[in-house]
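Welcome! Open your viewer, get ready to select residues by number, and follow along at your own pace.

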Amino acid sequence: MSTNRDTILLETVKTHRGRLLSAFLYGELAERRLGQDNLKRLLGSVVLAAVICTGCVGFALVTSLISSQAARQGQQRAGGAATPGISDQPYAADYFDRSSNRGWGAAEVGGRWTLRGSSSDYAVRRGAGVMEVPPAESRGAFLNRASRETADVSATVQISRLGSTALVVGRKVKADDYRAVIKLSTRGAVSMTLVSRQAGETVPLSNTVSLIGKYPKGEEIKIKMQVFGVNPTIIRAKVWRAAEVEPQAWSVVAQDGFDRLQRSGVVGIAASRPSGALDPLRLSVLDFVARPVIG
C-alpha cells in the first residue's frame, strides 16, 4: 500500500507541477479556454466574411450582366426603329395584270380599290392602273380593307405631264393621313416632302428636298415610303429612277404624334393637277405593294 501511496503522491505532484507550468506559460485555464473560443470565433468570422464577399461579388456580376443585356436590348430596340425589317408577305399588292375600262377593280392582295372621284377617270390597261386627273382636281385610290399599323409601301409610276404632283399614302385613318408628296416642276425638276392631313389641315412634316434632277415625262420612277411606330410615328420616303439601283439613304425622314393617326390605317396612291394646267394628268401605276414593317 505504501508503494501505491508513494506512486500516487508522485503522480499528484507531477500533475500539479504540469498545471503550474502551464499556468505560468499560458495563463489560467479559463483564460486559455476563452482564447480558444475567441480563435474559433475569429475563424468563423473569417469564413462568414468570405462567404458574404463571394455572394456580393456574384450578385454584382449577375446584376451587371442583366444590366448589360437590358442595355443591348434597348439599343437593339432603338436601332430597330431606324432600320426595321420588312416582311416577305405583302398585305396589299397589285400588278394590274388585267383589263378594265372603268375603275380598278380588286387588287391581287388587299381587296377592291376605293376610288376618289368618278370611276370613269380610272382604268386598267397594258399592265398599269391609270387615273386621269383633270386640271385643278385630284384623284386617289385606296385599299380600305388593307389596314395595318406599319407599312412599307412601294410603287412604280409614270407621270404624263410635268407640273404635276403624285403622292403615296402610308397610313390613312378616315380623313387624316401621312403622305409622301412628289412634285414635278414645269421644267422637270423633282422634289419630295412629307406632309400630313390632320383635322382638315395640311401639316408639313419635313423639308422639301430636290431629288433626281430633270425628269423626262413618262419615265418610270419608283417611290418607297415607310410608316411605323406610334407616339411617335416614324415616316420616311425616297424616290429614284426605275432603271437605277435603289439608294441606301432616305430622301426625307420625319416623326409625328398626332393622336388620330397613332393606330392602324390604310394605304393608297393619289395625284393632283394645278388649276393653271391646260391638259389632264395621266398617272400610270405599274405596281403597288405594301408590306408590314417588323422588328
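This tour goes from the whole chain to one strand, its neighbours, and then some rings.

**Before you start**

This is a predicted model, in which local features need pLDDT of at least 70 and side-chain atom pairs count only at pLDDT 80 or more, while totals for chains, interfaces and linings use all residues. Residues are numbered from 1 along each chain as its sequence is written, and side-chain values use heavy atoms, with hydrogens and water left out.

**Stop 1: the whole chain**

Show the protein chain as a cartoon: it has 2 helices and 18 strands. Helices (H or I, at least four residues) and strands (E, at least two) are DSSP runs, numbered from the N terminus. Of the 295 residues, 38% are buried; buried means under 20% relative accessible area, exposed over 50%, and partly exposed in between (1.4 Å probe, protein chains only).

Among contacts (heavy atoms within 4.5 Å) with a separation of 6 or more, 62% join residues 24 or more positions apart.

**Stop 2: strand S14**

Now select residues 233-241, which form strand S14. Is this strand enclosed or not? Because 9 of its 9 residues are buried, S14 is largely enclosed by the rest of the structure. Turn on the side chains: Thr-233, Ile-235, Ala-237, Val-239 and Arg-241 point one way, while Ile-234, Arg-236, Lys-238 and Trp-240 point the other way.

**Stop 3: the neighbours of S14**

Add residues 221-228, which are strand S13. S13 and S14 pair in the antiparallel sense over 8 bridges; two strands pair if DSSP finds at least two bridges between them. To see how they line up, pick Lys-224, which stands opposite Lys-238 in S14. Another partner to pick out is Arg-241 in S14, which bridges to Ile-221.

The hairpin of S13 and S14 has 4 residues between the strands, and Gly-229 there takes a positive phi near 85 degrees. S13 is mostly covered too, with 7 of its 8 residues buried.

Next, select residues 252-256 to bring up strand S15, which pairs with S14 in the antiparallel sense over 5 bridges. Here Thr-233 has Asp-256 as its bridge partner. Then add residues 151-159, strand S7, which runs antiparallel to S13 and is joined to S13 by 7 bridges. Look for Thr-156, whose bridge partner in S13 is Lys-222.

**Stop 4: a charge over a ring**

Go back to Lys-238 and show Trp-250 as well. Lys-238 lies over the face of Trp-250, at 4.5 Å from the ring centre. A charge sits over a ring if NZ of Lys or CZ of Arg is within 6 Å of the ring centre and within 35 degrees of the ring normal. For another example, select Lys-172: its charged end sits over the ring of Phe-142, 5.2 Å from the centre.

**Stop 5: the ring cluster**

How many aromatic pairs does the structure hold? There are 5. Rings of Phe, Tyr and Trp (its six-membered ring) pair if their centres lie within 6.5 Å; planes under 30 degrees apart count as stacked, over 60 as edge-to-face and the rest as tilted.

Select Phe-96 and Trp-113: their ring centres are 6.2 Å apart and their planes are at 20 degrees, so the pair is stacked. Both Phe-96 and Trp-113 are buried. Now add Trp-104, which forms an edge-to-face pair with Trp-113, at 5.1 Å centre to centre and 90 degrees between the planes. Trp-104 is buried, with a relative accessible area of 1%.

To finish, show Tyr-122 and Phe-288 too: ring pairs link them with Phe-96, Trp-104 and Trp-113 into a cluster.
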